[in-house]
Every structure is written in C-alpha cells, then in structure tokens.
Amino acid sequence: MGKSKKTNAMRILDSHKVDYMVYEYEVVDGKTDGLTVAKSVGMDPKIVFKTLVTVGTSKEMYVFVIPVGQELDLKKAARAAGEKKIEMIPQKDLLKNTGYVHGGCSPLGMKKAFKTFLHDSALENERIVCSGGRVGMQVDLLVKELVPIVECEICSLIK
C-alpha cells in the first residue's frame, strides 16, 4: 500500500509498531452499514466493529465501538460515560468533530482523543476489525493492541 493511501488510523498503528491487515471493499449502492461491510470483507460480523460517536447531556463527546450487527444501548452508554443521557451526534457534525465521514469513522486517529468505550464481546476474540479511517477500508488487528492505543474502557454496551 502506497504512502498516499495511508489514513490517520494506519499512521497511528504504524507509529505504535502494530501489525495489521487492511481490507478494501467496494461500496455498493452507498451501503456502508456494518453487516454489509463484514460480508464485503468476508469476515465474521462478531469480530467486525463499528465506531459510533455520541454526545452527552454535558455536551461532552464519547466514542463507542460495538459489533456491527448490534445496536448501542443508549442507557448503558450513558451509565458508562457517567452522563444523564447520551444521543448519537448529528451526522452533519461528524466530520468537523472527528475528521471522519459516516461509514469511515475509525476509533483511531480522530481529530481529538474522545473518551472511548469498547463492547466487552471484543475480548472473546483475539482480533478485531474496524474502520481504517476511510469508507471502503477496514483494518484487522489484535484486540490487545487496539485497547491501549485508544485507551478504551471495556464494558457492556449493547441492547
């Protein structure tokens, strides 16, 4: 992969000397939902995770990384973040706050280091696949290498 194809997420993994694999896929009919992505890269949806950006009552932003086939439980998310209530960030605000677009949001390499939470099912697998920081690109790495880089808290987050 040429230097120009590297994303912020990959540059961060490189700087931490993390071994990772990149999977590129074609976006068909604008579909960037996680299950379509998992199928496109031929991976079990249990190890493919999506990155969701939220905002709490305090106006603080939080990142939640959960399996693509699951739905974020906003009550559990709020509890984990110590907020009264949490909601998804409006899609129009995603790029200016994270540097990423919908469907290409990675837990690695955001404009700012937001408090990040990883769903505990990630620990059931050795590897995790998440966005590589661009629509059409996923990175596959060891869970134990992702956790310290992102400094994520591990907890139950799904419905």
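**Stop 1: helix α1**

Select residues 8–15 of this predicted model, and you have helix α1 on screen. Colour Ala9, Met10 and Leu13, which are buried. Now turn the view until you look down the axis of α1: its buried residues fall within an arc of 95 degrees, so they line one face of the helix. What lies over them? The cover for the buried residues of α1 includes strands β1 (21–24), β6 and β7 (137–142), along with helix α5 (143–150).

**Stop 2: lysine 17**

Step past the end of α1 and click on lysine 17, which sits in the loop between α1 and β1. Is lysine 17 buried or exposed? With a relative accessibility of 73%, it counts as exposed. Its backbone deserves a look too. Most residues other than glycine have a negative phi. Lysine 17 is not a glycine, yet its phi is positive, at about 55 degrees.

Keep that picture in mind and jump to lysine 59, in the loop between β2 and β3. Here again phi is positive in a residue other than glycine, near 75 degrees. Lysine 59 counts as exposed, at 68% relative accessibility.

**Stop 3: β1, β7 and β6**

Next, show β1 and β7 together. They run antiparallel and are joined by 4 bridges. To find your place in this pair, select glutamate 24, which stands opposite methionine 137 in β7. β7 is mostly covered, with 6 of its 6 residues buried.

Now add β6, residues 127–134. β6 and β7 pair in the antiparallel sense over 6 bridges, and the two form a hairpin with 2 residues between them. In the turn, pick glycine 136, which has a positive phi of about 95 degrees.

**Stop 4: serine 131**

Stay in β6 and zoom in on serine 131. Across from serine 131, in β7, stands glutamine 138. Serine 131 is buried, with a relative accessible area of 5%.

Which backbone atoms does its side chain reach? One is the backbone oxygen of glycine 104, 3.3 Å from a polar atom of the serine 131 side chain. Another is the backbone nitrogen of glycine 133, at 3.0 Å. To fill in the surroundings, display the residues that serine 131 touches beyond four places away in sequence: Phe49, Gly104, Cys105, Ser106, Met137, Gln138 and Val139.

**Stop 5: the open sheet**

Hide what you have and select the open sheet of 5 strands, ordered β4-β2-β3-β5-β8 with mixed pairing. Its edge strands are β4 (86–88) and β8 (153–155), each of which pairs on one side only. On average, neighbouring strands here are turned by 35 degrees against each other, direction ignored.

Focus on β5 (residues 115–119) and β8: they run parallel, joined by 3 bridges. Leucine 118 stands opposite isoleucine 154 in β8. Then bring in helix α3, residues 74–81, which packs on the sheet and touches β3 (61–67), β4, β5 and β8. The direction of α3 makes about 120 degrees with that of β4.

**Stop 6: the nonpolar cores**

Time to look inside. The largest nonpolar core has 31 residues, and those touching the most other members are Leu13, Val53, Leu118, Ile128 and Leu141. The elements giving two or more residues to this core are α1, β2 (49–56), β3, β6, β7 and α5. Which element gives the most? That is α5, with 5 residues.

Centre the view on valine 53. Beyond four places away in sequence, the residues it touches are Met61, Tyr62, Val63, Met88, Ile89, Leu94, Thr98, Cys105 and Met110. Then look for a second, separate core of 13 residues; among its members are Ile66, Leu72, Ala78 and Cys155.

**Last stop: leucine 146**

Finish in helix α5 by selecting leucine 146. At 2% relative accessibility, leucine 146 counts as buried. Leaving out residues up to four places away in sequence, it touches Leu108, Ile128 and Leu141. For one more distance, pick the C-alpha atoms of leucine 146 and arginine 127: these residues are 19 apart in sequence and 9.3 Å apart in space.

How values were computed: Residues are numbered from 1 along each chain as its sequence is written. This is a predicted model: local features need pLDDT of at least 70, side-chain atom pairs count only at pLDDT 80 or more; totals for chains, interfaces and linings use all residues. Side-chain values use heavy atoms; hydrogens and water are left out. Buried means under 20% relative accessible area, exposed over 50%, partly exposed in between (1.4 Å probe, protein chains only). A polar contact is a pair of N or O atoms within 3.5 Å; within protein, one must be able to donate a hydrogen and the other to accept it, and residues adjacent in sequence count only if both atoms are side-chain atoms. Contact means heavy atoms within 4.5 Å. The arc is that of the directions from the helix axis to the C-beta atoms. Two strands pair if DSSP finds at least two bridges between them. Axes are lines fitted to C-alpha atoms, for helices over the stretch in contact, and angles run from 0 to 180 degrees between N-to-C directions. A nonpolar core is a set of buried Ala, Val, Leu, Ile, Met, Phe, Trp, Tyr and Cys residues joined through side-chain atoms within 4.5 Å.
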